[in-house]
Amino acid sequence: MISFADMPARLEAAGLRRLSAQRCRQLAEEDPDWPVPLDQALRVGRMRLFDWRVLEPYFRARRSRQGQRTDLRPRPE
């Protein structure tokens with residue numbers, strides 16, 4: 001189980017592109033493909049914990065869209 005704060009190091013250890021904890025949190029809030037909805041994540045105090053075995057395939061399949069404007073599309077509800 002990992003938190004958003006642990007994700008950058010875990011991504012790097014898995015040979016994936018390192019993302020900041022803030023970017024991981026943003027993906028969890030905005031990406032419809034995020035595998036675990038935030039309201040279903042395990043909560044410990046103020047932290048949310050996720051099973052890395054579920055998140056790793058998501059990060060491996062995710063394609064970076066650097067430079068793509070996100071302000072022009074509607075936000076998911």
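This briefing walks through the fold, the helix packing, the surface and the charged pairs of one protein chain. Keep in mind that you're looking at a predicted model. The chain has 77 residues, and its secondary structure adds up to three helices and two strands. If you follow the sequence from start to end, the pattern reads α-α-β-β-α.

**How confident is the prediction?**
- Across the protein chain, the mean pLDDT is 87, with 84% of the residues reaching 70 or more.
- Confidence is highest in H1, at a mean of 94, and lowest in E1, at 92.

**The overall picture**
- Of the chain's residues, 31% count as buried.
- Take the contacts between residues at least 6 apart in sequence: 53% of these join residues at least 24 apart.
- The chain's accessible surface is about 5,700 Å², and carbon and sulfur atoms account for 47% of that.

**Helix H3: two sides to the story**
- Helix H3 runs over residues 52-61, and its buried residues are Trp52, Leu55, Tyr58 and Phe59.
- Why do these four end up on the same side of H3? They cover an arc of only 120 degrees around the axis, so they share one side of the helix.
- Flip to the other side of H3 and you'll find Arg53 and Ala61, both exposed.
- What do the buried residues of H3 pack against? Their partners are helix H1 (7-13) and helix H2 (21-30).

**Helix H2: a similar look**
- In H2, the buried residues to look for are Cys24, Leu27 and Ala28.
- Their arc around the axis is only 100 degrees, which means they sit on the same side of H2.
- The buried residues of H2 pack against H1 and H3.

**A nonpolar patch on the surface**
- Met1, Leu42, Val44 and Met47 make up a nonpolar patch on the surface. Together they have about 380 Å² of accessible area.
- One of these patch members, Leu42, belongs to strand E1 (residues 42-44).
- Is Leu42 buried or exposed? Neither quite fits: Leu42 counts as partly exposed because its relative accessibility is 44%, between the 20% limit for buried and the 50% limit for exposed.

**Charged pairs**
- Side chains of opposite charge can pair when their charged atoms come close.
- How many salt bridges turn up in a search of the whole structure? The search finds four, and three of them get a closer look here, starting with helix H2.
- Glu29 pairs with Arg25, and their closest N and O atoms are 2.9 Å apart. Both residues lie in helix H2, four residues apart, which is about one turn of the helix.
- Glu29 is partly exposed, at 47% relative accessible area, and Arg25 is partly exposed too, at 29%.
- Over in helix H3, Glu56 forms a salt bridge with Arg60, with 2.9 Å between the closest N and O atoms. These two are also four residues apart, about one turn of H3.
- Glu56 counts as partly exposed at 22% relative accessibility, and Arg60 as partly exposed at 41%.
- Arg53, which you met on the exposed side of H3, forms a salt bridge with Asp51, their closest N and O atoms being 2.9 Å apart.
- With 67% relative accessibility, Arg53 counts as exposed, while Asp51 is partly exposed at 22%.

Conventions: Residues numbered from 1 in each chain as written. Predicted model: local features only at pLDDT ≥ 70, side-chain atom pairs only at ≥ 80, totals over all residues. Heavy atoms only, no water. Buried < 20%, exposed > 50% of the residue type's maximum accessible area, 1.4 Å probe, protein only. Arc of directions from axis to C-beta. Contact = heavy atoms within 4.5 Å. Patch = residues over 30% accessible without salt bridge, like charges linked within 9 Å, V, L, I, M, F, W, Y side chains within 5 Å. Areas by Shrake-Rupley, 256 points an atom, 1.4 Å probe, with all protein chains shown as cover. Salt bridge = Lys/Arg side-chain N within 4 Å of Asp/Glu carboxyl O. pLDDT = per-residue confidence, 0-100.
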